[in-house]
Amino acid sequence: RVEGMVTDVCPKRGCWFDMAGTEPGQKLRFKVKDGVMVFPMDAKGKHAVAEGVVSVRELSMEETKKYAAYQAEELGKEFDPASVTEAQTIVRIDGTGAVVAEK
């Protein structure tokens with residue numbers, strides 16, 4: 001179980017949201033299968049309490065570039081593969097439940 005401020009929400013299906021970590025630049029993604037739960041875009045800036053199973057996945061450079069390109073496309077942003085300079089580790093919660101509300 002984790003708690004924190006929602007910093008971003010999936011703009012396509014509302015199937016994930018990011019929560020701010022305790023240090024600048026840190027975040028944790030809460031993800032559910034499409035349609036299981038839907039988080040509205042106005043959840044940004046609100047407080048979330050989320051439960052699930054934590055998963056950690058270390059990506060190769062190639063996987064990191066593909067993931068970054070996919071994320072940019074999903075958010076409607078441009079992507080420059082040269083901007084990826086190191087492999088990424090993804091930490092997320094495969095969600096079983098969440099509540100988003102004003103704190």
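1. Start with Phe 30. Its relative accessibility is 1%, so Phe 30 counts as buried. This is a reading of a predicted model. Phe 30 is a useful way in, as several of the points below come back to it.

2. Confidence comes next. The mean pLDDT of the protein chain is 92. Residues that reach 70 or more make up 100% of the chain. Among the elements, strand E4 (residues 47–58) has the highest mean pLDDT, at 95. Helix H1 (residues 61–75) has the lowest, at 91.

3. Now the aromatic rings. Searching the whole structure gives three aromatic pairs. One of them joins Phe 17 and Phe 30 in a stacked arrangement, 5.0 Å centre to centre with 25 degrees between the planes. Phe 17 belongs to strand E2 and Phe 30 to strand E3, so this pair ties together parts that are 13 residues apart in sequence. Both Phe 17 and Phe 30 are buried.

4. Phe 30 has another ring partner, Phe 39. This pair is edge-to-face: the centres are 5.8 Å apart and the planes meet at 80 degrees. Phe 39 counts as buried because its relative accessibility is 7%, and the cut-off is under 20%. Ring pairs therefore link Phe 17, Phe 30 and Phe 39 into a cluster.

5. Strand E3 (residues 27–31) deserves its own point. How many of the five residues of strand E3 are buried? Four are, so the strand is largely enclosed by the rest of the structure. E3 pairs with strand E5 (residues 89–101) in the parallel sense, over three bridges. Within E5, Ile 93 stands opposite Phe 30.

6. E3 also pairs with E2. Here the strands run antiparallel, and five bridges join them. Met 19 stands opposite Leu 28 in E3. E2 and E3 form a hairpin, with six residues between them. In the turn, Gly 25 has a positive phi of about 85 degrees.

7. Look next at Asp 18, in strand E2 (residues 16–20). Is Asp 18 buried or exposed? Asp 18 is buried, because its relative accessible area is 3%. Its side chain makes a polar contact with the side chain of Lys 27, at 3.5 Å. Setting aside neighbours within four places in sequence, Asp 18 is in contact with Met 5, Val 6, Thr 7, Asp 8, Lys 27, Leu 28 and Arg 29.

8. Asp 8 is on that contact list. Asp 8 lies in strand E1 (residues 2–9). With a relative accessible area of 17%, Asp 8 is buried; the cut-off is under 20%. Its side chain makes a polar contact with the side chain of Lys 44, at 3.5 Å. Beyond residues up to four places away in sequence, Asp 8 touches Trp 16, Phe 17, Asp 18, Lys 44 and Leu 75. Phe 17 there is also the partner of Phe 30 in the stacked pair.

9. Ala 20 lies in strand E2 too. At 32% relative accessibility, Ala 20 counts as partly exposed. Neighbours within four places in sequence aside, Ala 20 is in contact with Met 5, Thr 7 and Gln 26. Met 5 and Thr 7 also appear among the contacts of Asp 18. Ala 20 and His 47 are 27 residues apart in sequence, with their C-alpha atoms 10.0 Å apart in space.

10. Last, the cysteines. A disulfide is a covalent bond between the sulfur atoms of two cysteines. The structure holds zero disulfides. Why is Cys 10 not bonded to Cys 15? The sulfur of Cys 15 is the closest cysteine sulfur to that of Cys 10, but at 3.8 Å it is too far for a bond. The cut-off used is within 2.5 Å. For Cys 15, the closest cysteine sulfur is likewise the one in Cys 10. Cys 10 is buried, with a relative accessible area of 2%. Cys 15 counts as buried at 5% relative accessibility.

Conventions. Residues numbered from 1 in each chain as written. Heavy atoms only, no water. pLDDT = per-residue confidence, 0-100. Helix = DSSP H or I, 4+ residues; strand = E, 2+ residues; numbered from the N terminus. Buried < 20%, exposed > 50% of the residue type's maximum accessible area, 1.4 Å probe, protein only. Polar contact = N/O pair within 3.5 Å; in protein donor to acceptor, adjacent residues only side chain to side chain. Contact = heavy atoms within 4.5 Å. Pairing = 2+ DSSP bridges. Phe/Tyr/Trp six-rings, centres within 6.5 Å; stacked < 30°, edge-to-face > 60°.
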